[in-house]
Protein chains: 2
Amino acid sequence: MPALPGLLRASAAQAETGAPLASWNDGPAKQAILDFVRVTTDPASKDFVPPAGRIAAFDQDGTLWVEHPIYTQAMFCLEHVPDLVKARPELTNREPFRTVLSGDREAIAKLSIRDSFEIVLGTQSGMDVEAFREISRKWLAEAKHPRWDRLYTELVYQPMIEVLNHFRANGYRTFIATGGSAGFVREYSDKVYGIPPEQVCGSEQAFKYGYDKDHRPILTREPKLVLDNLEAGKIENFWLMYGRRPYAAFGNSSSDDQQMLEYVKAGGGARLSVAVLHDDAKREYAYGPAQGLPNTSVGTFSQEMYDMAKKQGWIVISMKGDWKRIFAFESD
Amino acid sequence: MPALPGLLRASAAQAETGAPLASWNDGPAKQAILDFVRVTTDPASKDFVPPAGRIAAFDQDGTLWVEHPIYTQAMFCLEHVPDLVKARPELTNREPFRTVLSGDREAIAKLSIRDSFEIVLGTQSGMDVEAFREISRKWLAEAKHPRWDRLYTELVYQPMIEVLNHFRANGYRTFIATGGSAGFVREYSDKVYGIPPEQVCGSEQAFKYGYDKDHRPILTREPKLVLDNLEAGKIENFWLMYGRRPYAAFGNSSSDDQQMLEYVKAGGGARLSVAVLHDDAKREYAYGPAQGLPNTSVGTFSQEMYDMAKKQGWIVISMKGDWKRIFAFESD
């Protein structure tokens with residue numbers, strides 16, 4: 001398997017050294033995270049959780065890395081649409097392919113997550129799973145975010161990398177629970193987040209066993225969605241894959257994190273549910289519509305979820321107020 | 001969560017101490033396993049596999065523990081059939097429920113795996129996932145195998161526990177890939193095999209998010225099979241859940257291990273596919289029909305799979321010849 005030089009450079013996940021959560025400003029959010037880890041791992045605490053049960057789940061887009069102006073994974077898929085349409089010209093005038101082919105960035109940014117699923121199934125079906133791995137890796141090593149002109153894997157939130165490290169330093173196993181496709185995330189989750197591929201739960205299409213022209217057994221991606229991680233699907237499929245209720249969960253979007261955060265918080269003993277509010281237009285982006293922030297088609301944080309967070313005792317992170325820095329490269 | 005005293009006692013999974021594979025007779029099977037681990041973990045070897053890629057998959061029934069005369073998980077489900085039929089009398093005369101209610105052990109033992117799925121979906125649907133955990137744990141702490149009068153969790157093959165320990169001692173992550181339901185296996189996999197719940201891939205029904213009468217969020221088991229691990233489904237769903245081709249796989253049955261073993265062996269570099277042949281009627285059971293052993297409805301090892309194993313270079317374990325002892329309690 002070829003190495004990923006770009007990813008290695010971007011990676012910040014590592015053993016925790018020095019003070020935990022160094023990129024966080026002191027305040028209730030930082031304190032709540034430190035307190036939760038302490039009371040669930042101190043054997044003398046009434047909320048002690050034995051190591052076998054220490055599971056923490058993290059949404060990816062908008063929680064661990066940038067999701068604006070378009071989900072990274074959607075960017076990856078869009079590039080393969082022209083080839084798809086060449087092979088299947090009947091898609092030329094069908095949505096969402098027509099919008100993608102128009103090149104209209106604004107219209108493309110408005111495509112829904114369901115549209116993305118359609119594009120994923122269209123562009124990736126029939127592909128050998130190992131060929132897909134190669135294509136994903138190659139794209140990730142080259143493609144850059146238009147605003148920062150950096151690899152997408154560099155646009156991970158340094159404060160969240162420190163959260164991952166702090167949880168793991170205290171015996172937690174960390175998982176990704178993404179609305180996107182697991183296969184794509186698994187190509188960098190280990191190097192970028194310190195999360196092995198088997199701990200990535202995502203939406204996923206079916207796989208089919210068969211033989212290639214040389215009679216070698218292969219697995220191919222099929223045009224059928226088996227795991228749909230939107231809305232309650234994220235926590236339903238987390239249980240399907242891992243069979244446990246996490247003790248802590250981090251998310252940011254009403255479209256796929258709300259039920260997971262609610263379910264985690266409703267467990268017995270100490271539980272931590274955290275929602276990231278993007279309120280920093282200068283260093284990253286500001287969007288809601290919670291708290292009057294602008295509404296967008298990517299990563300909606302509704303006022304309803306905000307109210308639920310307050311009522312149920314989740315922690316809401318203000319990127320502007322709680323994070324000293326957003327990206328590792330800021331201090332380069 | 002209540003402790004499982006019975007399971008703790010039965011557990012043999014632990015850090016490897018002393019010589020590896022101590023319960024194995026010297027011979028080609030033992031040597032092949034030791035050689036494979038050595039060449040894939042020695043940095044100087046051309047077949048070296050970096051730690052991130054070291055994944056080994058193990059079937060459970062008939063590979064890690066006894067599957068005769070009836071799959072353990074089927075035994076567990078059968079006990080819940082009378083309650084189910086009381087709630088839904090229309091099932092009384094419908095198969096496979098009619099056979100189960102007849103109490104005819106021989107007829108019950110002949111039910112197919114598909115029949116078991118029907119019983120699982122019938123008896124477990126609508127159940128809160130955490131209530132299901134309690135019921136499984138309670139059953140496992142009490143139910144005993146009719147032949148040995150021991151807990152099912154004591155009927156694990158000591159030589160295979162040593163294989164698991166040896167792989168893990170060399171940086172491999174070990175996974176269960178079972179045709180049975182993952183939820184049941186996850187209640188003891190950690191204590192009995194040293195395999196955490198998230199590394200258990202099995203057949204599984206859908207889960208549904210909702211609220212109980214006190215408006216608390218719950219997840220319930222639904223009457224719909226999402227993951228079907230029979231035949232090629234086992235390796236298809238292994239990829240779905242973990243996104244990687246294992247470097248080593250162990251199985252015993254043509255009904256759900258054959259494609260997994262074939263796919264693993266067909267990967268590049270050193271790969272190990274191992275099939276357990278039950279040829280020891282005295283210490284355990286003897287069944288095939290490979291090599292003229294009696295055919296049964298549980299754990300079929302076909303002559304076709306045997307021939308494939310020889311042709312493709314899998315290792316076939318003779319329980320009679322390769323294993324010094326079968327169970328840990330033999331030396332009690």
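This short talk is about how chain A and chain B meet in a predicted model.

Let me begin with the extent of the contact, to which chain A gives 40 residues and chain B gives 40 residues. The size of an interface is often given as the accessible area lost when the parts come together. Between chain A and chain B that buried area is about 3,600 Å², and 60% of it comes from carbon and sulfur atoms.

Now to the polar side of the picture, where the count between the two chains, A and B, is six salt bridges. In one salt bridge B:Arg245 pairs with A:Glu130, and their closest N and O atoms lie 3.1 Å apart. Across this interface there are also 18 residue pairs in polar contact, with both residues at pLDDT 80 or more.

Which parts of chain A supply the side that touches chain B? Helix H8 (129–142), strand S2 (173–181), strand S3 (200–211), strand S4 (217–227), helix H12 (233–242) and helix H13 (258–265) each supply at least two residues, and S3(A) gives the most, with seven residues. Sorted by character, the residues on this side of chain A are 23 nonpolar, four polar and 13 charged.

Finally, let us turn to how the copies are related. Chain A can be laid on chain B by a turn of 180 degrees and a shift of 0.0 Å along the axis, with an RMSD of 0.0 Å, which means that the relation is that of a two-fold axis. The same surface serves both copies, since 100% of the contact residues of chain A recur in chain B.

Conventions:
Residues numbered from 1 in each chain as written. Chains lettered and ligands numbered in written order. Predicted model: local features only at pLDDT ≥ 70, side-chain atom pairs only at ≥ 80, totals over all residues. Heavy atoms only, no water. Contact = heavy atoms within 4.5 Å. Buried area = accessible area lost by both parts, 1.4 Å probe. Salt bridge = Lys/Arg side-chain N within 4 Å of Asp/Glu carboxyl O. Polar contact = N/O pair within 3.5 Å; in protein donor to acceptor, adjacent residues only side chain to side chain. Helix = DSSP H or I, 4+ residues; strand = E, 2+ residues; numbered from the N terminus. Nonpolar A, V, L, I, M, F, W, Y, C, P; charged D, E, K, R; others polar. Least-squares fit on C-alpha atoms with pLDDT ≥ 70 in both.
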